Structures are given as C-alpha cells and as structure tokens.
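I sat down with my notebook and a fresh structure to look through. Here is what I looked up, entry by entry.

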Amino acid sequence: MANYGMAFDYELCIDCHACEVACKEENGIALGMDHRRLWIEKEGNTKNDFWNIDKNSVFFMQMQCQNCVKPLCLEACPRKAIYIDENGIVRIHEEKCDLFLYCMEACPYDARYINDKYKHHFTDKCIFCADTRLARGETTTACQITCPAKLRYFGDLNDEKSEIVQMLEKRDFFVLKENAGTIPKLFYLVPKDKDFANKTIKMGTKIHTWKEMKTKVCSS
Ligand code: SF4
Ligand code: SF4
C-alpha cells in the first residue's frame with residue numbers, strides 16, 4: 001500500500017486561499033471556518049493589511065495535519081480511537097471518539113478541530129482526501145489540484161517514481177517542529193531564492209535531503 005505525504009514549494013505561495021476553498025468544498029465545511037483541515041499562515045511583517053503587504057517581509061506557510069509517522073495525537077487518545085491506515089494516513093474511528101480532546105492538546109501543530117457536522121461529534125483533521133478523492137480512485141488532493149501556483153506535491157513516498165519523491169530528491173527541505181519527535185510527512189522545500197530562504201527559514205532549522213530522511217519516513 002501507499003505511504004502518502006505532501007511537499008510545498010512555499011516560496012511560490014500567493015495567499016490566494018484557493019486550496020482552502022477547494023478543501024472546504026470537498027469536505028463540506030462552511031467558508032469562513034478557520035483552522036479546519038488546512039489553513040495558510042502569514043508570517044513575518046503581518047501588521048500590514050491585504051492590499052498593503054510588504055512583499056519583502058511577508059511569506060505564507062501551508063498548514064495542515066502532518067500525518068506524522070509517530071503521531072502524538074494517537075499516543076494521547078485513551079480510547080485508542082486514532083490509528084494509522086494502510087496508506088500511512090492518521091485516521092480516527094469516529095464512533096470511538098468521546099471528545100476528551102487529549103489528542104487536540106497533544107498535537108504540536110494545532111491540526112485537529114471538532115467536527116460537529118454529524119450528530120456524533122469527533123475530532124477531525126486533514127486526511128489527504130482519503131474518504132473522497134482517494135476513495136474514488138483519484139490520485140490528487142483537492143488543495144493540490146486547485147493551487148494555481150502548483151506548489152503542492154502529493155503522492156506515495158514509497159514510490160521512487162512519484163512526483164513528490166522526484167521533487168524531494170532534487171530539492172533540500174525542512175520540516176516543522178522537528179524537536180517534537182513526530183516525524184512529520186509534510187516537507188517544506190528550501191526556496192531557490194537564497195535571500196528568501198535566509199529570511200524565511202528560522203535559525204537552527206535542520207535542512208534535510210531525501211536520502212537521509214526516507215529511512216525514517218518509509219521504514220515503518
Ligand atoms: Fe496527529 Fe497532529 Fe501529527 Fe496530525 S499533526 S498526525 S493531528 S500529532
Ligand atoms: Fe498558496 Fe496555492 Fe493555497 Fe493559493 S492555493 S494560498 S498559492 S498554497
């Protein structure tokens with residue numbers, strides 16, 4: 001089976017939120033609901049308003065569940081409701097969730113929210129369109145196919161020929177909150193523009209190559 005992950009060429013993001021709208025449409029989430037499945041974080045000089053952004057001091061990060069190899073949400077759940085499926089996607093047995101919310105507290109990425117769409121509420125997050133697009137046999141996620149900048153790479157990390165692995169073999173990358181020990185499967189590509197890279201990558205961030213990272217991500 002597959003081992004899905006996603007990479008972002010975040011240097012190209014124009015903050016259009018097309019990905020977010022597509023995600024909400026795919027998953028039946030109302031527009032305007034923030035921090036549901038995916039969101040865009042504006043970093044740097046964020047004091048300016050939308051029409052007055054200083055392009056040299058603001059950048060945009062694509063945020064969503066990292067579908068970790070070692071998910072802290074899973075470890076924290078007393079009901080053992082959270083599991084990793086055959087495609088390496090962190091899922092939940094919805095009916096087992098009793099909203100203790102230990103998973104939400106444990107997640108270092110603030111990726112979970114309470115899904116109150118149905119009678120039985122449960123904690124939810126990005127599952128790479130597993131129940132919608134992937135279940136229909138499609139190979140893309142709604143956010144990836146919609147992004148006009150084509151900066152999202154999604155695919156099977158176990159498949160050397162997949163677009164995402166080919167990209168990770170070409171470009172160095174970093175992950176978020178590496179010290180949390182979750183081994184995230186979202187990869188942020190080091191910008192080609194060296195000035196932009198210097199401005200946007202935090203001091204002390206470890207830069208990875210796929211050669212050394214793949215043993216961690218693909219071994220389990
Ligand atoms: Fe769990 Fe958070 Fe990792 Fe997603 S990012 S798998 S919610 S610990
Ligand atoms: Fe950024 Fe692409 Fe999302 Fe637009 S659709 S906000 S360019 S990631």
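The entries below go from the aromatic rings to the sheet, the helices, the ligands and a few backbone angles.

**Entry 1: what I am looking at.** I note at the start that this is a predicted model.

**Entry 2: aromatic rings.** I searched the whole structure for aromatic pairs and got 12. I began with Tyr10 and Phe59, whose ring centres are 6.2 Å apart. Is this pair stacked, tilted or edge-to-face? The planes meet at 55°, and stacked needs under 30 degrees while edge-to-face needs over 60, so I wrote the pair down as tilted.

I then checked where the two residues sit. Tyr10 belongs to the loop between strand 1 (4-8) and helix 1 (18-27), while Phe59 is in strand 3 (residues 58-64). They are 49 residues apart, so I marked this as a link between distant parts of the chain. Tyr10 is buried, at 1% relative accessible area. Phe59 has 10% relative accessibility and counts as buried too.

Phe59 has a further partner in Phe196, with ring centres 6.3 Å apart. Their planes stand at 80°, so this pair is edge-to-face. Phe196 lies in helix 7 (residues 194-200) and Phe59 in strand 3, so the pair ties together parts that are 137 residues apart in sequence. I checked burial here as well: Phe59 and Phe196 are both buried.

Which residues make up the aromatic cluster? I listed Phe8, Tyr10, Phe59, Phe174, Tyr188 and Phe196, which form one cluster.

**Entry 3: the sheet.** Two names from that cluster came up again when I turned to the strands. Phe174 has Tyr188, in strand 10, as its bridge partner. Strand 9 and strand 10 (residues 186-189) run antiparallel and are joined by 2 bridges.

I followed the pairing outward and found an open sheet of 4 strands, in the order 8-1-10-9 and with mixed pairing. Which strands are at the edges? They are strand 8 (152-156) and strand 9 (173-174), each of which pairs on one side only.

I also looked for a helix across this sheet. Helix 6 (residues 163-170) lies across strand 1, strand 8, strand 9 and strand 10. The angle of helix 6 to strand 8 is about 115°.

**Entry 4: helix 1 and what covers it.** How many of the residues of helix 1 are buried? I counted 7 of its 10, so helix 1 goes down as mostly covered, with under 20% relative accessible area as the test for buried. The buried ones are Cys19, Glu20, Ala22, Cys23, Lys24, Glu26 and Asn27. Among the elements that cover them are strand 2, helix 4 (130-134), helix 5 (142-146) and strand 8.

From helix 4 I picked out Leu134. Leu134 is buried, with a relative accessible area of 16%. Setting aside neighbours within four places in sequence, I found Leu134 in contact with Tyr4, Ile89, Phe128, Cys129, Thr139, Thr140 and Phe154. I also took one C-alpha to C-alpha distance: Leu134 and Val175 are 25 Å apart in space and 41 residues apart in sequence.

**Entry 5: the two ligand shells.** Around ligand 1 I found Cys65, Gln66, Cys68, Pro71, Leu72, Cys73, Val90, Cys107, Tyr109, Arg112 and Lys125. By residue class this shell holds 8 nonpolar, 1 polar and 2 charged.

Ligand 2 is surrounded by 14 residues. Which of them are the closest? They are Cys13, Cys16, His17, Cys19 and Cys147. The shell of ligand 2 divides into 10 nonpolar, 2 polar and 2 charged. Cys19 also appeared above, among the buried residues of helix 1.

**Entry 6: backbone angles.** Most residues other than glycine have a negative phi. I therefore noted the exceptions, starting with His35, whose phi is positive at about 55°. His35 is in the loop between helix 1 and strand 2 (38-44), and at 26% relative accessibility it counts as partly exposed.

Asn67 is also not a glycine, and its phi is positive at about 40°. Asn67 lies in the loop between strand 3 and helix 2 (72-76). Is Asn67 buried or exposed? Its relative accessible area is 0%, so I put it down as buried.

My last note concerns a glycine: Gly28, just after helix 1, has a positive phi of about 65°.

How values were computed: Residues are numbered from 1 along each chain as its sequence is written. Chains are lettered from A and ligands numbered from 1 in the order in which they are written. This is a predicted model: local features need pLDDT of at least 70, side-chain atom pairs count only at pLDDT 80 or more; totals for chains, interfaces and linings use all residues. Side-chain values use heavy atoms; hydrogens and water are left out. Rings of Phe, Tyr and Trp (its six-membered ring) pair if their centres lie within 6.5 Å; planes under 30 degrees apart count as stacked, over 60 as edge-to-face and the rest as tilted. Buried means under 20% relative accessible area, exposed over 50%, partly exposed in between (1.4 Å probe, protein chains only). A residue is near a molecule or strand if one of its heavy atoms lies within 4 Å of it. Ala, Val, Leu, Ile, Met, Phe, Trp, Tyr, Cys and Pro count as nonpolar, Asp, Glu, Lys and Arg as charged, and the others, Gly among them, as polar. Two strands pair if DSSP finds at least two bridges between them. Contact means heavy atoms within 4.5 Å. Axes are lines fitted to C-alpha atoms, for helices over the stretch in contact, and angles run from 0 to 180 degrees between N-to-C directions.
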